[in-house]
Amino acid sequence: MGEQDVSEAVRSLPKAELHVHIEGTLEPGLALDLAKRNGVSLPWATIDELRRQYEFGDLQSFLDLYYQLMGTLASADDFHDLMLAYLAHAAADGVRHAEIFFDPQVHIRNGLDIDAVMDGLLSGLAEGRKRFGITGGLILSIVRDLPIESADSVLDAVQNRAGDLLGIGLDSAEVGYPPSLFVHVYDRAREMGLHCVAHAGEEGSSDYVAQALDLLHAERIDHGVHAIDDPALVARIARSGIALTACPLSNRRLQVVKDLHDLPLQEFLRAGVPVTVNSDDPAYFGGYIADNYAALEKIGFSLEQLGAIALNSIHASFISPDEMRDLEAQYASWKARYLN
Ligand code: ADE
Ligand code: ZN
């Protein structure tokens, strides 16, 4: 198959995106426009100047810029527009379903009303469903390095609209903020009927992954790279069918690995772990989801393997059995066209 055909096959592969932060889809041009529109002053006047800030040495250096640019988002309309812009990219990349993180504690700290944030995101999702046929939902992500009381109060704030959420997640600076700190938050979220996922093993050790499983009862692990250091843990993840939401371009840009070849994804797959591929913060890391799939193809993943990864993403999503059957059928058509 020629390069063009592979790229077409990867883009048309029906997939679910399970690890994307809506704030991480804020492209530099939109951030500058919003800053102007909302009277927020930023130290960079042009896209080129801003883009020069996108050299990251680690997770924290990225988070500093990510939180600063988040300050340009001010209204429900801003969140609506941000969601639609992401869904347009996702649709072009073959995404049929997206489970999308947002960081309400940060928006509340910035003086926004959580209902306005959620209303904007949900109306964007509804419009995206009409325009692109993508289904989706929101995962409220707890920012682990903010005071724990703000995690409790954000759950208070959404107590009466849990039906508008798919799940709870845990993100931001990992080392020093282990899952054990968030047990009561996850217990409460589970009582509210939310699915539980957590970032673990991105910069943190395999022990953070084990804690996310044992203490938070995470149904998926976001990243999970360092689980590879504990073979018994890898075997346990495989046995339980817990999916990892890998983000290759993110891991390379944040120096989790020096090179994509150093990511242990083939090892995880060989061990039977359901690996999925996702974009994390595509506006910051040089690619949306299809670029992440294509990057793996470039380092030797076969189209069969990429197909299996996309099928994993469908199975690891929180969609209804009817929707799952529909996506499985779409996957079967893709397979008949490209693999048989
Ligand atoms: N928030 C947005 N992107 C993140 C990442 N890669 N890790 C932790 N928190 C994040
Ligand atoms: Zn993430």
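This text walks through a predicted model, from its ligand and cavities out to selected loops and helices.

Start at ligand 1. Twelve names make up its surroundings: His21, Leu59, Phe62, Leu63, Tyr66, Asp171, Ser172, His199, Glu202, His223, Asp280 and Asp281. Three of these side chains come with a polar distance to the ligand. In Glu202, a side-chain N or O atom sits 2.7 Å from a nitrogen atom of ligand 1. For Asp280, the distance from a side-chain N or O atom to a ligand nitrogen is 2.7 Å. His21 places a polar side-chain atom 3.4 Å from a nitrogen atom of ligand 1. How much of ligand 1 does the protein bury? Alone, ligand 1 exposes 260 Å², and the protein buries 100% of that area.

Now take the protein atoms without the ligand. Rolling a probe the size of a water molecule over the atoms shows where empty space is left. Searching the whole structure turns up two cavities of 30 Å³ or more. The largest has a volume of about 90 Å³. Its lining counts 14 residues, and those nearest the cavity centre are His21, Phe62, Leu63, Ser172 and His199. Compare that with the ligand: His21, Phe62, Leu63, Ser172 and His199 also appear among the residues around ligand 1.

Which element gives the largest share of this lining? Helix H4, residues 59-70, does, with five residues. The lining of the largest cavity is mixed in class: five residues are nonpolar, four are polar and five are charged.

The second largest cavity has a volume of about 40 Å³. Its lining consists of His223, Val225, Leu244, Ala246, Asn251, Leu263, Leu265, Phe268 and Val275. His223 is also one of the residues around ligand 1. Strand E7 (243-246) and helix H13 (265-271) each contribute at least two lining residues. The class make-up here is seven nonpolar residues, two polar and no charged.

Go back to Asp280, one of the ligand's neighbours. Asp280 belongs to the loop that runs between strand E8 (275-277) and helix H14 (282-285). Its backbone deserves a look. Phi of Asp280 is near 65°, a positive value in a residue that is not glycine. Is Asp280 buried or exposed? Asp280 counts as buried because its relative accessibility is 2%, which falls under the 20% cut-off.

His217 makes a useful comparison. It too has a positive phi without being a glycine, at about 55°. His217 sits in the loop between helix H10 (206-214) and strand E6 (220-223). Here the accessibility is 43%, so His217 is classed as partly exposed. Gly300 also has a positive phi, of about 115°, and comes just after helix H15.

Helix H15 itself spans residues 289-298. Its buried residues are Ile289, Ala290, Asn292, Tyr293, Ala295 and Leu296. How should their spacing be read? An α-helix has 3.6 residues a turn, so residues three or four places apart point the same way. With that in mind, follow Ile289, Asn292 and Leu296 along the helix; they are among its buried residues.

Another buried aspartate lies in helix H5. Asp78 is part of this helix, which covers residues 76-92. Asp78 counts as buried because its relative accessibility is 2%. What does its side chain reach? A polar atom of the Asp78 side chain lies 2.8 Å from the backbone nitrogen of Ala74.

Two partly exposed helix residues finish the tour. Ser240 lies in helix H11, residues 231-240. With a relative accessible area of 47%, Ser240 is partly exposed. Its side chain comes to 3.1 Å from the backbone oxygen of Ile237. Ser240 and Glu219 are 21 residues apart along the chain, and 9.5 Å separates their C-alpha atoms.

Ile47 is found in helix H3, residues 47-51. Its relative accessible area is 37%, so Ile47 counts as partly exposed. Leu30 is 17 residues away from Ile47 in sequence, and their C-alpha atoms are 9.4 Å apart in space.

Notes: Residues numbered from 1 in each chain as written. Chains lettered and ligands numbered in written order. Predicted model: local features only at pLDDT ≥ 70, side-chain atom pairs only at ≥ 80, totals over all residues. Heavy atoms only, no water. Buried < 20%, exposed > 50% of the residue type's maximum accessible area, 1.4 Å probe, protein only. Helix = DSSP H or I, 4+ residues; strand = E, 2+ residues; numbered from the N terminus. 1 Å grid on protein atoms, 1.4 Å probe; cavity = no way out; pocket = protein on both sides within 12 Å on 5 of 7 lines; lining within 4 Å. Points joined across faces, edges and corners; volume = space filled by probe spheres on them. Nonpolar A, V, L, I, M, F, W, Y, C, P; charged D, E, K, R; others polar. Near = heavy atom within 4 Å. Polar contact = N/O pair within 3.5 Å; in protein donor to acceptor, adjacent residues only side chain to side chain. Areas by Shrake-Rupley, 256 points an atom, 1.4 Å probe, with all protein chains shown as cover.
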